[in-house]
Amino acid sequence: MALQAQGSKKHPVVENGVYRECVSYSDGELLQKVLDIVKKEKLYGKVDEYKKVVDFRQPEELSKILDLNMCRDGCRTRGEIDEVLERIVRHSVRTQHPHFFNQLYGGIDEVGLAGAWLLEALNTNQHTYEVGPALVVTEFRVVEQLVKLFGWTSGDGIFCSGGSLANMYSIVLARHHLDPDIKKKGLFGRKPLVILTSDQSHYSITKAAFWLGFGLDNVVSVVSDTNGVMTGEAVAEALEKVKKEGKQPFYVNATAGTTVFGAFDELEAIAEICAAEKLWMHVDACWGGATVLSSKHRHLLKGIERADSLAWNPHKMLCAPLPCSVFLVKNE
Ligand code: PLP
């Protein structure tokens with residue numbers, strides 16, 4: 001059996017009761033190979049627009065091409081290993097391609113990719129300072145600066161795995177703020193608590209509402225205007241209706257950059273109502289939050305500084321690798 005390259009590691013493998021050898025890369029060479037493929041295929045930064053977005057195959061054919069058999073023999077040559085890696089790339093979607101128009105991807109750049117790889121290599125966690133000192137301090141400092149960027153003088157936050165989760169955190173905090181006893185006693189024996197959000201908002205709000213036990217009947221879908229904007233007037237009207245039904249509104253989600261239209265709700269008018277009615281105001285700025293960095297478009301976020309919490313996905317417009325989401329809250 002020919003082993004292709006010098007320095008390869010040979011492993012004995014039992015095949016039908018007989019030992020044979022398969023090959024693997026030696027120390028660091030596999031990582032170098034991955035880097036070579038990433039560079040060759042331009043998987044970050046600007047992609048050659050004449051390349052395919054994806055070499056698409058139906059699932060059955062693709063399973064065969066990728067040879068997804070746990071009991072397959074090990075690779076006998078390095079070429080075979082390379083081919084496994086290259087097939088994965090060939091049949092994956094290039095989300096940074098200029099002709100890739102699926103939802104809200106922004107591509108990744110070299111800085112983001114390098115950071116992501118370093119994190120993977122560190123293979124640690126941020127659950128305690130002991131296991132992630134540099135990362136914990138970094139998160140604190142970044143959150144501190146983001147809080148200021150969005151116009152708050154103080155606040156707190158956490159990076160989390162996706163905007164959906166960040167939106168859910170906001171509902172959990174709003175509920176706790178309303179009545180900390182709910183943590184112990186649950187939602188029993190009280191008026192139904194109601195969440196208001198626009199008919200254009202992301203489905204994660206509705207999903208969080210039923211996951212958290214509020215019930216879909218207690219999510220009010222506020223009708224947006226012809227541009228997909230939830231106006232203050234529409235929120236006020238919806239609130240009146242909720243109150244007449246004997247329910248208790250406690251939370252309003254406004255969206256800064258809706259998923260389909262890219263509409264920005266009337267944050268100032270909504271903030272006014274939330275302050276008057278003592279409702280928690282959350283802004284789902286997962287998509288449109290990046291306008292905070294633009295002198296031209298920042299005005300779209302006017303009023304966000306009055307919100308109690310917000311969610312932003314730097315993985316959508318900031319070339320950060322997925323997932324990069326931050327949840328920020330005004331009250332430390
Ligand atoms: N909010 C808005 C407005 C979105 O467009 C999206 C995703 O597209 C989300 C929330 C959810 O973000 P994630 O996919 O990171 O959970």
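User: Why is N123 called exposed?

Analyst: This is a predicted model. In it, N123 has a relative accessible area of 66%. Exposed means over 50%, so N123 qualifies.

User: Where does N123 lie, and what is notable about its phi?

Analyst: N123 lies in the loop between α4 and α5 (133-149). Its phi is positive, about 45 degrees, although N123 is not a glycine. Most residues other than glycine have a negative phi.

User: Why does C319 count as partly exposed?

Analyst: Its relative accessibility is 25%. Buried needs under 20% and exposed needs over 50%. C319 falls in between, so it is partly exposed. C319 is found in the loop between α11 and β9. Its phi is positive too, about 60 degrees, and C319 is not a glycine.

User: What makes the peptide bond from L322 to P323 cis?

Analyst: Omega is near -20 degrees for that bond. P323 sits in the loop between α11 and β9 (325-329). Most peptide bonds are trans.

User: How do you know that C324 is not bonded to C160?

Analyst: The sulfur of C160 is the closest cysteine sulfur to that of C324, at 9.4 Å. A disulfide needs sulfur atoms within 2.5 Å, so this pair is too far for a bond. A search of the whole structure finds zero disulfides.

User: Is C324 buried or exposed?

Analyst: Buried. Its relative accessible area is 19%, and the cut-off is under 20%. C75 is also buried, at 12% relative accessibility.

User: Why is H91 called buried, and where is its place?

Analyst: H91 has 12% relative accessibility. Buried means under 20%, so the label holds for H91. Its place is in the loop between α3 (78-90) and α4 (110-122). The C-alpha atoms of H91 and D55 are separated by 5.1 Å, with their positions 36 residues apart along the chain.

User: What makes the S204 and H202 pair a polar contact?

Analyst: Their side chains are joined at 2.8 Å. The limit for the N or O atoms is 3.5 Å, and 2.8 Å is within it. S204 is found in helix α8 (residues 203-211). With a relative accessible area of 1%, S204 is buried.

User: How does the reach of α6 compare with the span expected for a helix?

Analyst: Helix α6 (residues 163-178) has 16 residues. From first C-alpha to last it reaches 23 Å, close to the 22 Å expected at 1.5 Å a residue.

User: Which residues of α6 are buried?

Analyst: They are G163, A166, N167, M168, S170, I171, A174 and R175.

User: Which element gives the largest share of the shell around the ligand?

Analyst: Helix α6, with three residues. Both α6 and α11 (314-317) supply at least two residues each. By class, the shell has two nonpolar, nine polar and two charged residues.

User: Which of the 13 residues around the ligand come nearest?

Analyst: G163, S164, T259, D284 and K316.

User: What makes T259, D284 and N313 polar partners of the ligand?

Analyst: The distances decide, set against the 3.5 Å limit. A ligand oxygen is 2.9 Å from an N or O atom in the side chain of T259. A ligand nitrogen is 2.7 Å from one in the side chain of D284. For the side chain of N313, a ligand oxygen is 3.0 Å away from an N or O atom. The protein covers 84% of the 390 Å² of accessible area that the ligand has on its own.

Definitions and conventions
Residues are numbered from 1 along each chain as its sequence is written. This is a predicted model: local features need pLDDT of at least 70, side-chain atom pairs count only at pLDDT 80 or more; totals for chains, interfaces and linings use all residues. Side-chain values use heavy atoms; hydrogens and water are left out. Helices (H or I, at least four residues) and strands (E, at least two) are DSSP runs, numbered from the N terminus. The expected span of a helix is 1.5 Å times one less than its number of residues. Buried means under 20% relative accessible area, exposed over 50%, partly exposed in between (1.4 Å probe, protein chains only). A residue is near a molecule or strand if one of its heavy atoms lies within 4 Å of it. A polar contact is a pair of N or O atoms within 3.5 Å; within protein, one must be able to donate a hydrogen and the other to accept it, and residues adjacent in sequence count only if both atoms are side-chain atoms. Accessible areas come from the Shrake-Rupley method with a 1.4 Å probe; for residues, only the protein chains shown count as cover. Ala, Val, Leu, Ile, Met, Phe, Trp, Tyr, Cys and Pro count as nonpolar, Asp, Glu, Lys and Arg as charged, and the others, Gly among them, as polar.
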